[in-house]
Amino acid sequence: MLQTPSGGAGSGTAADSGLMSIGAVLSQLRDEFPEVTISKIRFLESEGLVEPRRTPSGYRKFSANDVERLGHVLRMQRDHYLPLKVIREHLDALERGEQVRLPAVGRQRDSGDGEPLGGLYGEPEGPTAARVGRAELLAAAEIGEQELEEWESYGLIGPLPGGVYDAEAVTVAALVVELGRFGIEPRHLRAMKAAAERDAGLVDQVVAPLRRHRNPQTRAHAEARAKELAGLTVKLHAALVQTALGVRLP
């Protein structure tokens, strides 16, 4: 069962020696969640998903329970496509000792076969598509309207019908911010966007016949095949970039 963090910002007890900085937390989480950033952790804190202690000078200090809770949050976002409000309510119920099921939220993907989602707790929910609002995207990326409009003008991020964004928009936004710290501007990323669209087109050519199949199981297999191919193209791209630069990532 998840446990709530205990102790105040200035408790100063011997237990404080087991607390971690936000950088140490990031290192632990990245083993399972390579895309997580410090900005993402701060955003989850601002949304009430985790409550780290604060030192007298204002630095965050996370307990092992905080790291476990962050892992649950990121896992439910990734595997169940749940909005943060639903995740927070779900974890709070678990901490109260209640037996709760993950709700189905968002728009159901058209898999056609009703196959259960073998996610975090094994509940038989169908996969859903994550949706985040514009304000939530701005807060997650810690950017303003002007920056987001610039990114949209270059095609790096685009809203869905209704003005919402898919979950990957948060990841893209975080990466654009990180690259910007090295002086790489959004206009420099248009070539990456074009390359990604070409890769997506290639994958779509492979799986399109499966997606059009009348058999629901075959259509479900198309989605699994698309994910597999997407993963392989990402790994290939990373390997090619490392080869071109003559470097090797850890």
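These exercises work through a predicted model of one protein chain.

**Exercise 1. The overall build**

Task: State how many helices and strands the protein chain has, and give their order.

Solution:
- Step 1. Count the elements. The protein chain has nine helices and four strands.
- Step 2. Read from the N terminus. The order is α-α-β-β-α-α-β-β-α-α-α-α-α.
- Step 3. Look at burial. Of the 250 residues in the protein chain, 32% are buried.
- Step 4. Look at the surface. The accessible area is about 15000 Å². Carbon and sulfur atoms hold 54% of that surface.
- Step 5. Look at the contacts with a separation of 6 or more. Residues 24 or more positions apart make 54% of them.

**Exercise 2. The salt bridges of Glu45**

Task: Which arginine side chains form salt bridges with Glu45? Is Glu45 buried or exposed?

Solution:
- Step 1. Find the partners. Glu45 forms a salt bridge with Arg54, at 3.3 Å from N to O. Glu45 also forms a salt bridge with Arg60, at 2.4 Å from N to O.
- Step 2. Place the second pair. Glu45 is in helix α2 and Arg60 is in strand β2 (residues 60–61), so this pair ties together parts 15 residues apart in sequence.
- Step 3. Judge Glu45. The relative accessible area of Glu45 is 17%. Buried means under 20%, so Glu45 is buried.
- Step 4. Judge the partners. Arg54 has 28% relative accessibility and counts as partly exposed. Arg60 has 21%, and Arg60 also counts as partly exposed.
- Step 5. Widen the view. The whole structure holds 11 salt bridges. Elsewhere, salt bridges link Glu32, Arg75 and Arg78 in a network.

**Exercise 3. Two packed helices**

Task: What is the angle between helix α5 and helix α6, and which residues make the contact?

Solution:
- Step 1. Recall what to report. Two packed helices are described by the angle between their axes and the distance between the axes.
- Step 2. Read the values. Helix α5 (residues 134–141) and helix α6 (residues 145–153) pack at about 100°, and their axes are 10 Å apart.
- Step 3. Classify the angle. Angles of 65 to 115 degrees count as roughly perpendicular, so α5 is roughly perpendicular to α6.
- Step 4. List the contact residues. Helix α5 supplies Arg134, Leu137 and Leu138. Helix α6 supplies Glu145, Leu148, Glu149 and Glu152.
- Step 5. Find a salt bridge in this contact. Arg134 and Glu145 form one, with their closest N and O atoms 3.0 Å apart. The two residues are 11 residues apart, with Arg134 in α5 and Glu145 in α6.
- Step 6. Check exposure. Arg134, at 24% relative accessibility, is partly exposed. Glu145, at 38%, is partly exposed too.

**Exercise 4. Around helix α9 and Gly48**

Task: Where do Leu245, His221 and Gly48 lie?

Solution:
- Step 1. Start with Leu245. Leu245 is in helix α9 (residues 216–245). The relative accessible area of Leu245 is 61%; exposed means over 50%, so Leu245 is exposed.
- Step 2. Find its patch. Leu245 joins Val241 and Val247 in a nonpolar surface patch, with about 260 Å² of accessible area together.
- Step 3. Turn to His221. Helix α9 also holds His221. His221 is partly exposed, at 37% relative accessibility. From C-alpha to C-alpha, His221 is 7.5 Å from Leu210, which is 11 residues away in sequence.
- Step 4. Finish with Gly48. Gly48 sits in the loop between α2 (38–46) and β1 (53–54). Gly48 is partly exposed, at 28%. Beyond its neighbours within four places in sequence, Gly48 is in contact with Arg69 and Arg88.

Conventions. Residues are numbered from 1 along each chain as its sequence is written. This is a predicted model: local features need pLDDT of at least 70, side-chain atom pairs count only at pLDDT 80 or more; totals for chains, interfaces and linings use all residues. Side-chain values use heavy atoms; hydrogens and water are left out. Patches are made of residues with over 30% relative accessible area and no salt bridge: like charges are joined within 9 Å, nonpolar side chains (Val, Leu, Ile, Met, Phe, Trp, Tyr) within 5 Å. Accessible areas come from the Shrake-Rupley method with a 1.4 Å probe; for residues, only the protein chains shown count as cover. A salt bridge is a side-chain nitrogen of Lys or Arg within 4 Å of a carboxyl oxygen of Asp or Glu. Buried means under 20% relative accessible area, exposed over 50%, partly exposed in between (1.4 Å probe, protein chains only). Contact means heavy atoms within 4.5 Å. Axes are lines fitted to C-alpha atoms, for helices over the stretch in contact, and angles run from 0 to 180 degrees between N-to-C directions. Angles under 35 degrees count as roughly parallel, over 145 as roughly antiparallel, 65 to 115 as roughly perpendicular and the rest as oblique.
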